[in-house]
Amino acid sequence: MALFFFLIFGFCTGPGLLESSPKVRLVRGPHHCEGRVEVERNGEWGTVCDDGWNMKDVEVVCRELGCGAAKGTPSGNLYKPLADEKQKIFIQEVNCSGTEDKLSKCDLLEDVYDCSHSEDAGAICEKSPPKVRLVGGPHHCEGRVEVERNGEWGTVCDDGWNMNDVEVVCRELGCGAAKGTPSGNLYKPLADEKQKIFIREVNCNGMEDELIKCGWLEDVYDCSHSEDAGAICEIPETVRLVGGPGRCKGRLEVKHQEQWGTVCKTGWNLSAAKVVCRQLGCGKATLIKRCCNKDTQGQGLIWLSNVSCSGREGYLQYCLSGLEGSNNCTHDEDTWVECEDPFKLRLVNGDTSCSGRLEVLHKGIWGSVCDDGWGTKEEQVVCQQLGCGKPIFVPAKARRKFVPGDGRIWLDDVHCKGQEQSLEQCQHRSWGYHDCNHKEDVVVFCLGMAERSYPVSKVSGVREELPSVRGQGRLPGGDTPHPRGDTLHPRGDTPRPRSGAEAEKS
């Protein structure tokens, strides 16, 4: 009878309740994909002895945590504060093949009798980009919520969406405190009708570090994009350029443990500078150098060295680097970065802020864009970037009524794919290089009115106040334009033939 009861009890509870399988985490590192290795057993966390610890073991840890590739097996003692003397060391002689999905599936010894915390194991994995993003907002910490699944981005239905859910989104993105749950429809351009709505009824307790760890429903059958969820988080300032002529030029500093420190030039390159410029909302990276002037050198802490970026990261914290504060650098090796000013564009001399001659800002000067190769895809990008909806068809005769520009012609041979978030991301000749005159200036008409405002131009004197009411623009002379069909060229004429090389770019 006792045996029967034992078998029934064991069958109903399962081995997971009789003895918990170890879980793993990395602690005291700069992010959840680096730090001292700890495993959980029966609700208690303990360290791992580094006897036999190698890259195959780290590969498994990285996989179990959902991080990127394994990058190193540092000593756990590098991560402060050290493990408490009373904390147990649970396992040693870990022996993974490198293909396991959990550390608990590797061979290991639990009889730890000759290890101390001076031998705690550590691990470094690449930090995976978050599976959530905020789009259409003024910065990366505010906007319409989108989640990634199998390489595709979809929106989130706002049924059940609340501040607990926003707290998790803010935490996953490395933003500050949660501040609001606005409608995703506030952020333009709106989600495309063809974009999927992936999840609804999100239910977070607010303590999760990733949205994927919350509860939700994937059966979205009664939601439309009018119910897309939004989120507002504070912007944490973790990177800055100081000592330069503006916020996009200067000595690079990063914030760690609430203190600002410099970055050592060792290992620094243009790819890393691109990440910094992107994170700061500046233009393209143009210069990297050591600080050669005593007046521009930093003081105090030197946080980072040997920074290694691919150039595609959204934030500097996603790049690999040496441990914070562990370097042999001096302030003679502080890094100086220069970025172009933020890319801005406008439509001028139209009846609304969503119609007119296209101008772009470069080096503080507004200039026009030549229409060589200009077409539908390029206009799509401009209208979306200005928050003006879709481009519309306007006859060439009406376009010629616009007064040509009289200043610089900044861009020529612009080629877009149509999905770019900014005209800056499209291919074009180098700034200022062209074979055009102002009779070839690009004129753009978009369907809506933007909800933004810009100051008066120092060059043309045109006030760039954009109406707060969305509506349809009008042509010069008062005629109402018609929405552009996909088969019509927005300029109302045939685009110029391109050379073979130009055609390949587009």
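## Overall make-up

The protein chain has 8 helices and 27 strands, and the coordinates come from a predicted model. Of the 506 residues in the protein chain, 46% are buried, while the accessible surface of the chain amounts to about 25,900 Å², with carbon and sulfur atoms supplying 49% of that area.

If one looks at the contacts in the protein chain whose separation is 6 or more, 69% of them join residues that are 24 or more positions apart.

## Confidence along the chain

Because pLDDT is the predictor's confidence in each residue, a reader should look at these scores before turning to details. The protein chain averages a pLDDT of 80, and 83% of the residues score at least 70.

Two stretches deserve caution. Over residues 1-22 the pLDDT stays under 50, and the model has 12 contacts beyond four places in sequence for this stretch. Over residues 450-506 the pLDDT likewise stays under 50, and here the model has 126 contacts beyond four places in sequence.

## Helix α5 and its ends

Helix α5 covers residues 270-279, and its buried residues are A272, A273, V275, V276, C277 and Q279. When reading such a list, it helps to recall that an α-helix has 3.6 residues a turn, so residues three or four places apart point the same way.

The N-terminal end of α5 is capped by N269, which has a side-chain oxygen 3.1 Å from the backbone nitrogen of S271. Following α5 comes G281, a residue whose phi is positive, near 75 degrees.

Notes. Residues numbered from 1 in each chain as written. Heavy atoms only, no water. Buried < 20%, exposed > 50% of the residue type's maximum accessible area, 1.4 Å probe, protein only. Helix = DSSP H or I, 4+ residues; strand = E, 2+ residues; numbered from the N terminus. Polar contact = N/O pair within 3.5 Å; in protein donor to acceptor, adjacent residues only side chain to side chain. pLDDT = per-residue confidence, 0-100. Contact = heavy atoms within 4.5 Å. Areas by Shrake-Rupley, 256 points an atom, 1.4 Å probe, with all protein chains shown as cover.
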